[in-house]
Amino acid sequence: MAAFSMTVRKRLTAGDTAFELDFCIDAGGMDCVALFGHSGAGKTTLLRMIAGLTVPDEGRIALGDRVLFDSAARINVPPQHRRVGLVFQEYALFPRMTVEQNVRYGLARDAGGSVDSLLETFGLAPLRRRLPAMLSGGQQQRVALARTLAANPSVLLLDEPLSALDPVMRTSLQEALCSARRAMPVLTFLVSHDCGEIFRLATRVVRIADGSITASGTPQEVFAAPGDRMRVSGQVLDNRKHGAINVVTIAVGEEISRIALSPDEAEGLAVGDLVSVSVKAFNPDVRKIVK
Amino acid sequence: MNFDPVPLLLSVKLAAASAVILLVLAMPLSFWLYFTRSPAGYLARVFVNLPLVLPPVVVGFYLLLLFNPSAPVGHFLQQVFHLRLVFTFEGLVVGSVLFNVPFMVNPVLSGLESLPRSLCEASFVLGKGRWTTFWRVLLPSIRPSLLTGLILTFAHTIGEFGMVLMIGGKIPGVTRVASIAVYDDVESLHFAAAHLYSAVLVIVSFAVLFLLILVNKRFARTW
């Protein structure tokens, strides 16, 4: 499998602020590289540059011995000839084509697999005659993935592929993604906000802030030594004094918890504040969820 | 009362021919306008929309000068294709095709521009070129816009007067369409005939617009 290298710079404007994207990464083999960072950090732009949909101001992108972009040599291979698969955040399924036609549209002439086997792999065979509008979010996501893999890409780019889905669907699609990558090993870049997702899918994480890399490594290395405490971030919904203590209501993901704090600790926590809540690793209550 | 149905049939024939020809011709034009980034695209959009603001008589006047067999273009058409475009039905079709370009191209373009850009990009990344993307992904997704263009062109041609009179004259059975028949009959005080032509035009226009609204509603629901 080809090694990938990318060094790019581009000035970006997000709202009123302009910043420079300055990014350098090498990836090889069958890495799954997660791009992690807050919105507007330039993650999607990076994927678009690899796909050839956005032109960097300067830099070089190479995949194995193929140069996809080189500003110095004035090379800019059009998206059609890059053999890069991009799954859009909103899937971009073709609305007037059935599931089967969508997947067939992507099929590369020299691809080994057939439409039938792809539909089978992604559990889409029973839905083959449906239009995208008649599918759930999870089903649309699987069609988008099948269509992209049908083109037999050398690099797979996933732009927050699971962000629109509920947690249960997410988990099952993460498994589908894992097995798809096992079946068709391909270098993958994954944009994600979800640490859990990154731990499951990614072999490497690149943390991006304001257009440049602030950390890079395995998920364990980047998301600070798992071990001594469990940390989640949430938002303060309420902070109220109850006798000698303060009861602070905090939303974490889809759960809302009430936490007792001493008045000193609770001081300065206002409604709407973003907070991090940590639990020490010693003797927390862990129970298996039975579905 | 001497009511002659021929002008009405001529109007419908002219409108149908213009709409169908324009549907075909508008495709490459819309394709180019949608994808081009050249400054020529802006200029082309001005030309496309010119018939919207120009008085039809002015368009007719220039076409008359252009197609006149003693003018270079008219001469060329006559010599090479044996095609005479002044005071003929073919001339009316050519004139009304040119005159209706905005009524076909604008709905198609706005349909294309309302599609998410990612449809196009997804198709490109899957290795497909612009034409394949246009025919297989974009056009099928804007069928209501295509239908709107067809209906608008048809309805607008039915109502056209000034341009038709300029390049077609009013030769009975050839270029004397319904709108001109109304004018003629009023001028010669045949009010009953004028009433009848007008009523039919009102009914046809109403029916066509009703169809347009119905089509858009239906598509909006199933979209």
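I began with the spacing of the two domains of chain A in this predicted model, and I noted that the C-alpha centres of domain 1 and domain 2 of chain A lie 37 Å apart. To place them along the chain I looked up the domain assignment, which gives 4–222 for domain 1 and 229–280 for domain 2 of chain A.

I then turned to the overall dimensions of chain A, whose C-alpha trace spans about 75 × 50 × 35 Å along its principal axes. When I went through the secondary structure of chain A, I found eight helices and 15 strands.

Next I looked at burial, and I wrote down that 34% of the 291 residues of chain A count as buried. I also checked how contacts in chain A bridge the sequence: among those between residues at least 6 apart, 64% join residues at least 24 apart.

After that I moved to the place where the chains meet, and I recorded that the contact takes 17 residues from chain A and 14 residues from chain B. On the side of chain B that touches chain A, the elements giving two or more residues are helix H7 (117–125) and helix H8 (130–141) of chain B, and I noted that H7(B) gives the most, with six residues. Sorting that side of chain B by class, I listed eight nonpolar, four polar and two charged residues.

Finally I looked up the confidence values, and for chain B the pLDDT averages 91, with 97% of the residues scoring at least 70. For the model I copied down an ipTM of 0.81 and a pTM of 0.81.

Conventions:
Residues numbered from 1 in each chain as written. Chains lettered and ligands numbered in written order. Predicted model: local features only at pLDDT ≥ 70, side-chain atom pairs only at ≥ 80, totals over all residues. pLDDT = per-residue confidence, 0-100. Contact = placed C-beta atoms within 7 Å. Helix = DSSP H or I, 4+ residues; strand = E, 2+ residues; numbered from the N terminus. Nonpolar A, V, L, I, M, F, W, Y, C, P; charged D, E, K, R; others polar. Domains from an automatic or database assignment. Buried ≥ 20, exposed ≤ 12 C-beta atoms within 10 Å, placed from the backbone.
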